[in-house]
Each structure stands twice: as structure tokens, then as C-alpha cells.
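Thanks for asking me to look this one over. My notes follow as numbered points, so you can check each against the structure as you go.

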Amino acid sequence: MTGETLDLDDYVAPSSTGHGHDPFADPHSRPHSQYSQDSDSRPVSQYSQHSSARSLPPPPSSIVEHVVASPFASTPTLYASYTANGPPSYNRSVDHFQHDSEAYASVTAIHDSEKINHEYNDQYDISQYADVPGEDDIEYMDDGEKTPAFSMSTEPETPLETRHFGPAPTGPHKRNLVVDLSVPPKLVLPYRGEPEMTKSRYTAVTCDPDDFEKEKFFLRQNESGRTTELFIVITMYNEDEVLFCRTIYGVMRNIAHLCSRKNSQTWGPDAWKKVVVCIVADGRKKIHPRVLDCLTLLGVYQPGDHMKNAVNNKEVTAHLFEYTTSFALDPNIQFKYPDKGIVPTQIIFCMKEKNQKKINSHRWFFNAFAPMLQPNVCMLLDVGTRPGNNSLYRLWKTFDVNSNVGGACGEIAVYKGKNWKYLLNPLVAAQNFEYKLSNILDKPTESMFGYISVLNDKDGQGPLASYFKGEILHGRDTDIFTSNMYLAEDRILCFELIAKANSDWVLKYVKGAIGETDVPESLPEFISQRRRWLNGSFFATVYAIAHIGQIMRSGHSSGRKVSLFVETVYNCINMVFSWFGIGNFYLFFVILSSSLEDKSFDLTNIQYFNAIVQYFLASIIIACFLMSMGNKPKAAHLKYKLASIFLAVLMVYLIIASVLCGIAAASQVGGGVVLFSVVVTYGVYVLSSLLAFDPWHLVTSFVQYLLLTPTYVCILSIYAYSNLDDISWGTKQDAIPDTDLGAAVQDSHSQVDIEMLAEAADVNGIYEEALDSLRAAKFSDVDAKTKSGKGAGKAKVISEREKEQAAIDYYANVRTNVLLTWVLSNGVLLLLILSGTDASTTFDPDTSASRSKGYLTFILAFAAITNLVRLGGSTLYLLTRIFTQ
């Protein structure tokens, strides 16, 4: 270790936008980079070659010098910062990465030709590695330069003693802690020794994301003068290293695909310079320790004394690391180098000090970093979702060719594992069928209307403002409607995009832009996930229906407004039928099973068996209500598992009864409607899958989905409505700042002392420690546990006990009212259909049309009509796609 005395950053970043900090300004009116010398000069690339001798004149008085420390470089790197009077006129085209740091330190030093031994050699052709066909083990046999073995004999530079460059000037300047960290030499590929790949920059952010630019924080991409076409955010909480590597490796393969496009006006061999990947971790003490090991191996993250909880008595809100990595880690934690198609990737790693939930992570992305980079398109991913090798390009292309597209979503696919082994789990197979139907029928239909209920965002301060309201409106301090609505915050974002005043944004579904995601493999996890989905989507749908007037006042054409109004009515009808789903399921079971008691079926004593199974079904439903009131699914996992199995057995009996009743109805007057409705419903599934050239889920997952249908209808719905007062995301927000990292405080000379790693061996030790940790994880999956201070939090809870209890009582009361309304309305439906009628005579050929048979026919006909609408929308989408591609 050596002590480094640093002057804190006085950098005053020029305004990066002339659009009022709108991160999604029109790309055709993009202002010139503030790092260019004049309007017609190009920004100087950090890879430009320079002469062996150059003299730098002394800076004018308007320039402030500050130090960004390097752990074992020859000297700390000296930057030029601007005062409040604006940027100086002196030599603004100089790029500090091009010149020896010694010259900057002394200001008048001259480069010696013997010191310039790291000039960029442009013999490395990215395009030879960029075409990524799909299999990781494909070897590239081009004649270009090959990747040498992953070992280096680079001699570490001799560290120097601490050097002082004078105090920072006083005045209205902000003090920001920025440190350049040399990555372990073992991580630097020999032909990729550019500064952005040998240095990882750490910034201690001490402000809210909305004030990032105002507080004079800056990003490395701004200094290089690069434009950002595509900005990708990956949000994470406590997912493990396999899920993290699955996502980041998929993103890197997509960037490689962009580099392989030779005939594109936007993309090409240097496409990676136009893509920035932002990883936002929700809480420093929540992130999985092995994910930090992976980021260390990639060169992005580096722990040490440079990380602080406070700077100048200002609490650190986020730890920012910036690095350009030249290789990847695949989901098997194996290194992948350029010979496997990997290209450099610009990474921003934002590790939030506190856990403040996903919306806050997106606020860092949109409000802190996007205004600095001014991207044309933003993409949102969660850790665990692996995009297909060209999925990001397909999504980007949708925005590129359609100027009025405000948001787009791809095709979510279930991660099936090698040889589809995870489909052996019935729960995974059922979700696979559900996702496939959504991708084949629902999303294409919604895309033709122009409004998709769930996707990501591209443009607009209005929609983003409504989206970020969920960060403060979601919680005990607001009403239960709003809190549950923001459990499905993406749906609110989609509606606000469509309904934005004086705009005509539409939302699109992009077939083929596949993203594989992990789905719950256990029933308790599945129930907890769907509780949030069902409650959030229900209240978000109510919100969209109630605010249909916003769409009517938007800038859409009259035809589009009619189309969106029709879709709103369609969604309203579906919501009503979903409300009565559990009542309809019980009705169908009672009517169809009781119909077998008719003498025409010749099933002796079947009435006794029906009495048992009908009572058994009612008992299971009542048990689900009791288990849902106050019990977490994990605490009652065995009971839920037994309930799901019993419901699947009853579903088998229901299917048998349906087939027998359908055959009997075919020969009766009006019975053809019942049979036709059933054939249409399941025929739509088959035909739409064949038209989409994706029928395999019908073979692998249809039976499992059919048997688990009662679980969807009964268990999930009951648990969701019984826990309306649970507005959690499954995580708890932090409120107490930590102090374990210490603080950085300036002394009387405006300097701070920080311990830095002085030897290359010490830095390599960090890399080796992370590597050993990941190796050990293959044999022992022991998660690191952290202690959290509870004393201060306890005092706060006690002091606000009455307020918290009042909020709990209010939420519980509303939950009870909604649950009572739901149960009683479904009970009234049963009473209206079953009272005063004998269900066993429903399919009796000698009996006239009964109330139960009429209702059965109505429900089946409605299901057939809605499925035909979905089939029509899906087919129209496929035809449109053929003629527009």
C-alpha cells in the first residue's frame, strides 16, 4: 500500500445537451459534441497517433488542474477542468489519453521517443472476429491476427512516491472524488493496451441521480467525444453469477453482431464505440459477492480504500466504475476472447449504496447517465434475461425505420436448459406454453392496435415522469390503488407513452427479438411472482380504462384513436371475465360432472362420485383462502403443492366429462355451437403456432399447461386478491446509511489521503482472489452474509409505530373490502346459474334449453370469439411483417 494525496475533482462539465436535458432528443438535431474544437472539427480520437515530440504551452488562468490517481502508473494523471466562466479557448482538441501523463504533470515537458512504446497499432481488425454465428465453440480460421494465450510478461511500472500538485482553487466548484485504477496486468490483452482498457475509473457519486450533471459529475465516454447510438441498462438485485454472466454475455454477443454488419450506415467494425452498457446494482450490500468477483475478472470493479461512504461530509449515493473490457465470461464462468467473436464493450457499473428498488435504478439510468450520453435508443434488461445474438439489433431497427415508435418489446422465451431438460418440470413447461401463446397471439394483436401492455421505453419526459412517480408513490404513504398499480410500473409507462399529449407514439412487438429468461421452478416462488403481476396488472388496467380520455386528447389520428378505443373496450371485457374466472371454473366443473348423471350416459352411481369430487373441489378452494390469509407461500409450500396436485387430478376428470358432454351435445339442437366453440379455441392454438412456424410447445408443454390451469385460476387468483395489502416487490428498501467504507474529507489544502495499491502484484492479487472465489463456488455454494445495523432502524420504527399501524389497518381494510366483493360477486353468479335448475339435465336430449346450458354456451362462444380476434390480429401481423421487411 502507498498513501496517495489527491485533489478532489473540480471538473465543470459543459452542458451536454441543448434539449433541456431530454435524454431522447431528435437524433437529427443532435448538437455538436462539446469536446470538439469547433462546429466542423471532429472530436479527437484517443487512438490517434501522435508525434514523438510535442510541447504543451502552459494553461491559461481560467483552467483548474486536478489529479485523478492511478495506483501504479508513473504519475497521477492530471486533467484540465473549466471554471465557471466557461471552457477556455486554448487547445481544446488535446485528448489527455494521447499524451504521456508526465507531460501533463509538468505542463511543459517534452515527450521522449523512447517513452512512447504504447502507440496504438491498428492492425487488429475487429471484423474478423465480429461475426458470431451462435455456437461458442466455433473457431475462426481467418488470416488476421490471432488472440495469444491468456498470459502476459508485462513488467509492472515502478511506483512513485506521493506527489502533490497544489490545492484546488476555492470558489463555487464542486468537489468530486474521481480515481483512475490500473486494472490487473493479467487482464490486459497485449494488443488491447489502450488507456480505456488499462484503467478503470472510480467515481464516488454524492448526489441524487437527477442532479448528476448539475453537480459536475462526468463520464469517460464524454471525454472521448464518442456518440452513443445504443444505451443498454441491466438492473440487478441479488442474482447469482450464472444469471449475471448469462445476461452480460448475451449483450456482448449482440454488440459483436453489430460489429459484423458490413453494409450498415450505422454499424460496422467500430460499432462497439457507439454502444454503452450500464449495470445498476440495487444496494452495495445486496449484490451477490460472486457477481462482484465476475466484474473484477472483467476489469470493471476493483475494491479498495478508494471506495468511501462519504465525501466532504456528503453521503455517497452510488459507486461508479467505468471500464472497457475486451473479453467476456460465459454462463459457465469460462473466459471468451476475440477469437470467439467478442469485441470490446464499454461498461458503466453503478453500485447504489442503498437498496432503493428497480424504479430508482432506472432513474439513475435515464436521469443521471442518459443526459450525459444523449443516446438515440435505450434498452432495458433484467439480470437473468439473455438476449438472442441479434435481438438488440432487431429492436434497434424497429426504432430506426419507424419514426413514431415510442417503445418496442421482443419475444420472451423460457430458459429450457441443455436439451430442454427444464421442461421436465411441469411448472416450467406450463409457463413455456403460456409465454408462447402470449408471443404468438396476444402481443402481435396488441401491436396491430399500436398499444402493448408491457414493454420498455424510448422517448418522452412525460411518460418517464409518470414512471418515476412509482418510486415515491409506491408505499404505505399513498393509497392502496396507486401502490398496487406501480407493482406493474411498466404498464403505466406504456400507457403514458401512448397517451402523451400532442404525440402519436405507438408501441410495437418485434418477432424474433428473443430474450430467454429464468422462470420460477418452485410453486412458492411462482405464487409470489404472480401475486405482484396479477395485482399490478389489474390496477394498471383499471387506471388505463379510467384515463381513456388522455388517449382521445393525444396527437393520434382519428383512425388510431378509434383503434385504441376498441382495444380498451376489449381489455375491459377481458378484465370482467377474468374477475369471474374462479366462479366460471367451479360452474363448469359442477355442470359438466353433473351432466354425466343423465341416464343417456349410462354411468351407474356416478352421482355419488360427483358429490365427493364437487365437495373436494369446494374444500380445496376454501383451503386456499385460509392458506393465503397471513401465510407466505414458502411457509405453506407443502400445502400448496398438494392443492395443485389435487386440482390437476380434478382437471383430468373435467376433461373426460367435457369430451363425453361434447359428443352428446353434437347430436342435439344447438349443441353444435358448444362443440364448435371448443374446436375453435384449441384449433386457434394449433393453427397460430403453425403459421408462426413455432409448434413445438404444443408437443412439449400443452398437457402440463392444461393440467395446471386450475392452479392458475384458483390458487394464484385467491392468493393475489387475499394479499392486496402486500405492496412489496420481495425486497426491503434501505434507509440507514452505512459507514464501513469510511469517508474522504479534504484538509486545509483541499487534499485527501487515500491508500492505494502500489505494486502490480497487489492488483493481480485482487484478480486471483476473485478467480479463486468463483472456482470454489463450483464446489460449495455458500452465499456471503452481511450484517446490517438494526439499532437505529428500530428506534425509527418505534417512533413511527402509530403512523405505520394506521397505514397497515387501512391497507388491510381495503384488502378485505375487495376480497369480499370478489367472493360475493362470484357467489352470486353461482347462485344465479345453479339455483332452481338441475345441472344433470343440461345435455339431456329430452329437456329443453336450460339456464346452465345457455350460460355454458355463452361462455364457450365468447372464448371462441376472443380467440378468433387474437388469431386475426396475429395473422395480420405476420402478413404485415412479410411486406414490411
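1. Overall picture. Please keep in mind that this is a predicted model. The protein has 885 residues, of which 55% count as buried. Its secondary structure comes to 26 helices and 19 strands. Taking contacts between residues at least 6 apart in sequence, 82% join residues at least 24 apart. The protein exposes about 38,500 Å², and carbon and sulfur atoms supply 56% of that area.

2. Cysteines. How many disulfides does the structure hold? The count is 0. C278 is a helpful case to look at: its closest cysteine sulfur is in C350, and the two sulfurs are 6.2 Å apart, too far for a bond, because a disulfide needs them within 2.5 Å. C278 is buried, at a relative accessible area of 0%. C378 is buried as well, with a value of 1%.

3. Strand β5. I would spend some time on this strand, which spans residues 199-205 and has 7 of its 7 residues buried. K199, R201, T203 and V205 point one way, while S200, Y202 and A204 point the other way, and all are buried. That fits the usual picture, because side chains in a regular strand alternate between the two faces of the sheet.

4. Partners of β5. Strand β4 (residues 177-182) pairs with β5 in the antiparallel sense, over 6 bridges. Strand β10 (residues 318-325) also runs antiparallel to β5, joined to it by 5 bridges. Y202 is a good residue to follow here: it is the bridge partner of V179, and its own bridge partner in β10 is F321.

5. Helix α12. Is this helix enclosed or open? It is largely enclosed by the rest of the structure, because 8 of its 10 residues (489-498) are buried. The buried ones are E489, I492, L493, C494, F495, E496, L497 and I498. You may like to note that two glutamates, E489 and E496, are among them.

6. F433. This phenylalanine lies in helix α9 (residues 426-449) and counts as buried, at 0% relative accessibility. Which residues does F433 touch, not counting those up to four places away in sequence? They are Y685, H697, L698, S701, F702 and Y705. The backbone tells a related story: the C-alpha atoms of F433 and Q704 are separated by 8.6 Å, although these residues are 271 apart along the chain.

7. D694. Another residue to look at is D694, found in the loop between α19 (671-691) and α20 (696-700). D694 is buried, with a relative accessible area of 15%, because the cut-off for buried is under 20%. Leaving aside neighbours within four places in sequence, its contacts are E411, K436, I440 and S689.

8. Nonpolar surface patch. Finally, do have a look at M552, V562, F565, V566, V569 and I573, which form a nonpolar patch on the surface. Together they have about 470 Å² of accessible area. Which element gives the most to the patch? Helix α15 (residues 558-579) does, with 5 residues. One of the patch members, I573, sits in α15 and is partly exposed, with a relative accessible area of 36%. As a reminder on helix geometry, residues three or four places apart point the same way, because an α-helix has 3.6 residues a turn.

Conventions:
Residues are numbered from 1 along each chain as its sequence is written. This is a predicted model: local features need pLDDT of at least 70, side-chain atom pairs count only at pLDDT 80 or more; totals for chains, interfaces and linings use all residues. Side-chain values use heavy atoms; hydrogens and water are left out. Buried means under 20% relative accessible area, exposed over 50%, partly exposed in between (1.4 Å probe, protein chains only). Patches are made of residues with over 30% relative accessible area and no salt bridge: like charges are joined within 9 Å, nonpolar side chains (Val, Leu, Ile, Met, Phe, Trp, Tyr) within 5 Å. Accessible areas come from the Shrake-Rupley method with a 1.4 Å probe; for residues, only the protein chains shown count as cover. A salt bridge is a side-chain nitrogen of Lys or Arg within 4 Å of a carboxyl oxygen of Asp or Glu. Helices (H or I, at least four residues) and strands (E, at least two) are DSSP runs, numbered from the N terminus. Two strands pair if DSSP finds at least two bridges between them. Contact means heavy atoms within 4.5 Å.
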